[in-house]
Amino acid sequence: MTSTDLHLPRGATANAQYAVDIDPKLAGWTHSSLRVVELTPGGTHTFTTGDSEWIVLPLEGGCTVRIDTASTEKDEFQLLGRESVFAKASDFAYVPRDTRVQIASGAGGRFALAGAKCERRLPARYGPAPEVPVEQRGSGACAREVRNFASADSFDCDKLIAVEVITPGGNWSSYPPHKHDEHRPGEESELEEIYYFEIDGSNGLGYQRVFPSREGGSDVLAEVRSGDTVLVPDGWHGPSIAQPGHDMYYLNVMAGPGETREWRICFHPDHTETTGGYR
């Protein structure tokens, strides 16, 4: 993809099944995926996980997640969900590769499927909302809330890393600019990243910056609205800026080819003295 393709406005990847459907082929990389499925009351959606692991994360509403394999193994998880992404952290379900999954919602809702191509087949599991580590990061105009529901050190996956961030209206997050596009053991991990945005309130917007870390690298300054995504295959990314009066939510989905699942980042050298904390 070219840099102009890295900002995908709402509806740009929609199809008959998904409001958002980003896979490695579309993104031009190897691991990270994101889907958003919208269910009407009483609606169901069935999919196979293939060679990827997935987390079913309610964005709005609750659902039942039923997991079947070729053997007699079966799991079922009731996800209470939430009223909106701005309300609180949600419970979630991890579903392994090589599995058939059904999502059913009596009241309807919207559900994110964060995925990553993987090698190991881990067990299906339920992630309770009270166990999601919630971090208040930064200060002043850089203050934000980070929900580390599937960060590398909080929930076991093979390749997938996923977190949520709430940025108060008028604030900056994903800052200072940082990158994770090289494999440098102990210093930086190579991770493909998807940002999925929602903005609180009608007509709200935000801005996302990605700029090159190498000649010919990714270069994006995007005005983002609810349902938009930004792909980060490489480059310095940040800040993410929320319009005053409109809180910004984004879901980060990351994965990469490294043997070790870890989130190691490098800060832009021109911002090493910046206060407020990262992401």
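Good morning. I begin with a charge and a ring: the charged end of K179 sits over the ring of W236, 5.7 Å from its centre. Please keep in mind throughout that this is a predicted model. A second arrangement of this kind involves R125, whose charged end lies over the ring of Y94 at 4.5 Å from the ring centre.

Y94 leads us to the aromatic residues. Together with F92, F149 and F155, Y94 forms one aromatic cluster. How many aromatic pairs are there in the structure? The count comes to 10. For those new to the subject, a pair of aromatic rings is described by the distance of the centres and the angle of the planes.

Let us take two of these pairs in turn. F92 and F149 meet edge-to-face, with 5.4 Å from centre to centre and 65° between the planes. This pair links distant parts of the chain, since F92 belongs to strand β7 (residues 92-95) and F149 to strand β12 (residues 144-150), 57 residues apart. Both F92 and F149 are buried.

The pair of W172 and Y175 is also edge-to-face, with 5.2 Å between the centres and 85° between the planes. Are its two members buried or exposed? W172 has a relative accessibility of 34%, and therefore counts as partly exposed. Y175 has 11%, so Y175 counts as buried.

I turn now to the strands. Strands of a sheet pair through backbone hydrogen bonds, either parallel or antiparallel. In this model there is an open sheet of seven strands, with antiparallel pairing, in the order β1-β19-β16-β21-β13-β12-β11. At its edges are β1 (7-8) and β11 (134-137), each of which pairs on one side only. Within the sheet, β16 and strand β19 (residues 229-232) are joined in the antiparallel sense over four bridges. One position to find on the screen is Y196, which stands opposite T229 in β19.

Another antiparallel pairing is that of β4 with strand β8 (residues 100-105), which runs over six bridges. Here T46 has Q102 in β8 as its bridge partner. In a regular strand the side chains alternate between the two faces of the sheet. Strand β4 (residues 43-48) has a covered face made up of G43, H45 and F47, while T44, T46 and T48 make up the uncovered face.

My last topic is empty space. Rolling a probe the size of a water molecule over the atoms shows where such space is left. The second largest pocket has a volume of about 180 Å³. Its lining consists of R10, G11, A19, V20, V36, E38, R110, Y196, E198, S226 and G227. Which elements give two or more residues to that lining? They are β3 (32-39) and β16 (192-199). By class, the lining of this pocket divides into four nonpolar, three polar and four charged residues.

Finally, a search of the whole structure finds one cavity of 30 Å³ or more. The space in this largest cavity is about 30 Å³. Lining the largest cavity are L8, P9, R10, G11, A12, T13, A19, V20, G227 and T229. Of these residues, five are nonpolar, four polar and one charged. R10 and G11 may be recalled from the lining of the second largest pocket, and T229 as the residue opposite Y196.

Thank you for your attention.

Methods. Residues numbered from 1 in each chain as written. Predicted model: local features only at pLDDT ≥ 70, side-chain atom pairs only at ≥ 80, totals over all residues. Heavy atoms only, no water. 1 Å grid on protein atoms, 1.4 Å probe; cavity = no way out; pocket = protein on both sides within 12 Å on 5 of 7 lines; lining within 4 Å. Points joined across faces, edges and corners; volume = space filled by probe spheres on them. Nonpolar A, V, L, I, M, F, W, Y, C, P; charged D, E, K, R; others polar. Pairing = 2+ DSSP bridges. Phe/Tyr/Trp six-rings, centres within 6.5 Å; stacked < 30°, edge-to-face > 60°. Buried < 20%, exposed > 50% of the residue type's maximum accessible area, 1.4 Å probe, protein only. Lys NZ or Arg CZ within 6 Å of the ring centre and 35° of its normal.
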